[in-house]
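Visitor: I am new to this structure and should like to understand the terms used to describe it. Please show it to me, and then I shall ask about the reasoning behind each term.

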Amino acid sequence: MAQVTEKRHPISTYLEENQKYLNDRLGVGKSFDIGVHDFYVGHTRMLLYYINGFAESLLISQIMRELNDVRERDLADNAFDQLFHKFIPFFQLSKVETTDEFMDKLLVGQVGLIIDRSPHAIIIDAKILPNRSPQEPDTERIVRGAHDGFTEVLVTNTALTRRRIRDERLRFEIMQIGERTKTDVAVAYLHDVANEELVQTLKERLQNIQIDGIPMAEKTVEEFIIGKTMNPFPLVRYTERPDVAAVHLLEGHVLIYVDTSPSVMITPATYFHHVQHAEEYRQTPVIGAYLRWVRFLGIFASVFVLPIWLLLVMHPSMIPEPLHFLGIKKMGSIPILAQFLIAEIGLDLMRMAAIHTPAPLSIAVGLLAAILVGDVAIKVGLLAPEVILYLAVAAIGMYATPSYELSLANRLIRLFLILMVGFFSTPGLMIGLTLVLIFLASTRSLNTPYLWPFIPFNYKGMKDIVVRLAVPSKNNRPSIVRAQNSSRQ
C-alpha cells in the first residue's frame, strides 16, 4: 500500500509493555539482525533498538558515550525533552508517538530510543546503507563529460540530481509503496515548470498502488502507472545518468526515483526520446547531428534490413541489375524463412549466454558462438552466408539503439515483418508496415502522443529530432510536456 495505514498503538509510559510488544512484533531473539540494548542513564531505564548492518556504529558509540556522562538530576524534570533537546549530540532526531511509526523508522535503518515513563520515543537517523560508488552506467557510456551514475540508494540519487540543479523549486515528494517492503518512491519535478496535472496524476497512481511489495522496483512501479498493456514499446524512459535526469527535469518532465534501483523513470516519453544519447550533446552540433543520423540509420537497419532482403530473395526480379549481388548464392538445406527464425532465436540465445556467463568465460562463449554459428552452420548447409551477414547488420543496429527496451521492441517488430513477408510477400510487408504505424500513432504515454513530433506533426520539435541544435538556439521547452513556463532563456 502506498498510503500509510492509520497508527493505532501508542507508545506506553511503561517501558516493559513497550519492550514486550516491540520484541514480539520485530522478532527479537529470532531474527539475528534485530538488536536491542538495555541500559540506564542515571536512574532512567532506556531501550535502544537497531538493525545490524544499518546502524552506524561509530556514531551510536559516540552518543552512548555522551549519555554516560548525564547525571540523574539532569533528567529530573522531563527526561524526554532533556535528551531530545540537549543531551543527544546529533541533529537528525525526530519524535514518534506510536510503536507502528517507531517500527517503520527502525526498518528503514534508523535507530530508535524508548525511554521509561515517556509516551514518546526518539528516532536517531544514524543509518548507513549498503552502497556502491556512483560509477558510470555501462549502457550510457560517453567519451566526454561526467562519468558518475545513479546507485541503488535513493538519497544518493537525489543528491546527485541536486548537485546539478541547485534550485529551491526542485521538489522530491516521497511516499512508501508496498505493505511489506515499504519501498521509498520519490516524484521529482520543478515546481514552477512541470505540468501540475501530470504531477497530480502520477502521485495519485502511485498512492493507489495496492501490493505487498515491489522488490523489482521501478519496473513494477511502471506497470502500475501505465496499466495493463501488451504494448512491447517502452512508454517511459529510463536513465542511470544524473545529467540526463537533470536535463529532462529542466525541460519540464516528471521523474520517478525508486529506492534500491539505479534507474530513474522519465515521464512522459515518446518514441524519439528513446533514440537520443548523451554523447550527441557532448560534441559540437555538427558532430552530434552526424552521430544521431548514424544511430538513426542503425535503428532503421535493425528493423527493416532483414524483411526487405527476404522480400528480394523471394522475388529476385525486384533486384536492380547494379544490385544483383544482394541476392542469395546458395539457398541452404532449409527454407529461407525458417533460416531467419533459427538465426533470430540463436542470436537471442547468444545474448542471454553472454549476460549470464561469468566474465572470465565470456570470451570463450563468444568464440564458441562465432565458430558454430558463423562457420559450421554455413558449412553444413543449415544457414546461408547472407543470412548471417544481414542478421549481423541488424544486430549491430539493435545494439546501437540507446534504449535497451526499445531495441527489444524493435526486434519483435522485425520478427513480425519477417513473418508477414514470408507468408504474404509484398502485400504482407505493406500491411505489416501500415499496422505498425497505426499502432504507434494510436499509442499514448500518459496522454502524450507516442510519435510526437512526427504524428501529430510539429515542425520545431521535428527539427530538434532530425538535427542536433545548439543549446543557445533552444529558447523554449518542448511543447509536448505542457510546461507551466515554456521559456528556457
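**Terms and the values behind them**

Guide: Asp 38 has a relative accessibility of 36% and is therefore counted as partly exposed. The model shown here is a predicted one.

Visitor: Why is Asp 38 called partly exposed?

Guide: Buried requires a value under 20% and exposed a value over 50%, with partly exposed in between. Asp 38 stands at 36%, so the middle term applies.

Visitor: What makes the contact of Asp 38 and Arg 45 a salt bridge?

Guide: The side chains of Asp 38 and Arg 45 meet with 2.5 Å from N to O. The limit is 4 Å, so the pair qualifies. Arg 45 has a relative accessible area of 16%, which is under 20%, and is therefore buried.

Visitor: How many salt bridges does this rule give?

Guide: The count comes to 20 salt bridges. One of them joins Glu 136 and Arg 241, at 3.4 Å from N to O. That pair links distant parts of the chain, 105 residues apart: Glu 136 is in the loop between β5 and α5, and Arg 241 is in the loop between β8 (237–239) and α8 (242–251). Both Glu 136 and Arg 241 are buried.

Visitor: How do you know that Glu 173 and Lys 203 form a salt bridge?

Guide: The closest N and O atoms of Glu 173 and Lys 203 are 2.8 Å apart, and the rule asks for a distance within 4 Å. Glu 173 belongs to strand β6 (residues 170–177) and Lys 203 to helix α6 (residues 196–207), 30 residues apart.

Visitor: Are Glu 173 and Lys 203 buried or partly exposed?

Guide: Glu 173, at 25% relative accessibility, counts as partly exposed, whereas Lys 203, at 16%, counts as buried.

Visitor: Which residues do salt bridges with shared partners join into one network?

Guide: The network consists of Glu 136, Asp 138, Arg 141, Arg 241, Asp 243 and Arg 282.

Visitor: Let us turn to the aromatic rings. How many aromatic pairs are there?

Guide: The count comes to 14 aromatic pairs. In one of them, Phe 150 and Tyr 257 lie 5.8 Å apart from centre to centre, with 75° between the planes.

Visitor: Why is the pair of Phe 150 and Tyr 257 called edge-to-face?

Guide: Ring centres must lie within 6.5 Å to pair, and planes over 60 degrees apart count as edge-to-face. With 5.8 Å and 75°, Phe 150 and Tyr 257 meet both conditions, so the term applies. Phe 150 lies in the loop between β5 (121–124) and α5 (154–164) and Tyr 257 in strand β9 (residues 254–258), so the pair ties together parts that are 107 residues apart in sequence. Phe 150 is buried, at 1% relative accessible area, and Tyr 257 is buried at 1%.

Visitor: What makes the pair of Trp 309 and Phe 340 edge-to-face?

Guide: The ring centres of Trp 309 and Phe 340 are 5.6 Å apart and the planes stand at 75°, so the pair is edge-to-face. Trp 309 is in helix α9 (residues 285–314) and Phe 340 in helix α10 (residues 336–356).

Visitor: Finally, why are α1 and α4 called oblique to each other?

Guide: Helix α1 (residues 15–26) and helix α4 (residues 99–107) pack at an angle of about 50°, with their axes 11 Å apart. Roughly parallel requires an angle under 35 degrees, and roughly perpendicular one of 65 to 115. The angle of α1 and α4 fits neither range, and the two helices are therefore oblique.

Key. Residues are numbered from 1 along each chain as its sequence is written. This is a predicted model: local features need pLDDT of at least 70, side-chain atom pairs count only at pLDDT 80 or more; totals for chains, interfaces and linings use all residues. Side-chain values use heavy atoms; hydrogens and water are left out. Rings of Phe, Tyr and Trp (its six-membered ring) pair if their centres lie within 6.5 Å; planes under 30 degrees apart count as stacked, over 60 as edge-to-face and the rest as tilted. Helices (H or I, at least four residues) and strands (E, at least two) are DSSP runs, numbered from the N terminus. Buried means under 20% relative accessible area, exposed over 50%, partly exposed in between (1.4 Å probe, protein chains only). Axes are lines fitted to C-alpha atoms, for helices over the stretch in contact, and angles run from 0 to 180 degrees between N-to-C directions. Angles under 35 degrees count as roughly parallel, over 145 as roughly antiparallel, 65 to 115 as roughly perpendicular and the rest as oblique.
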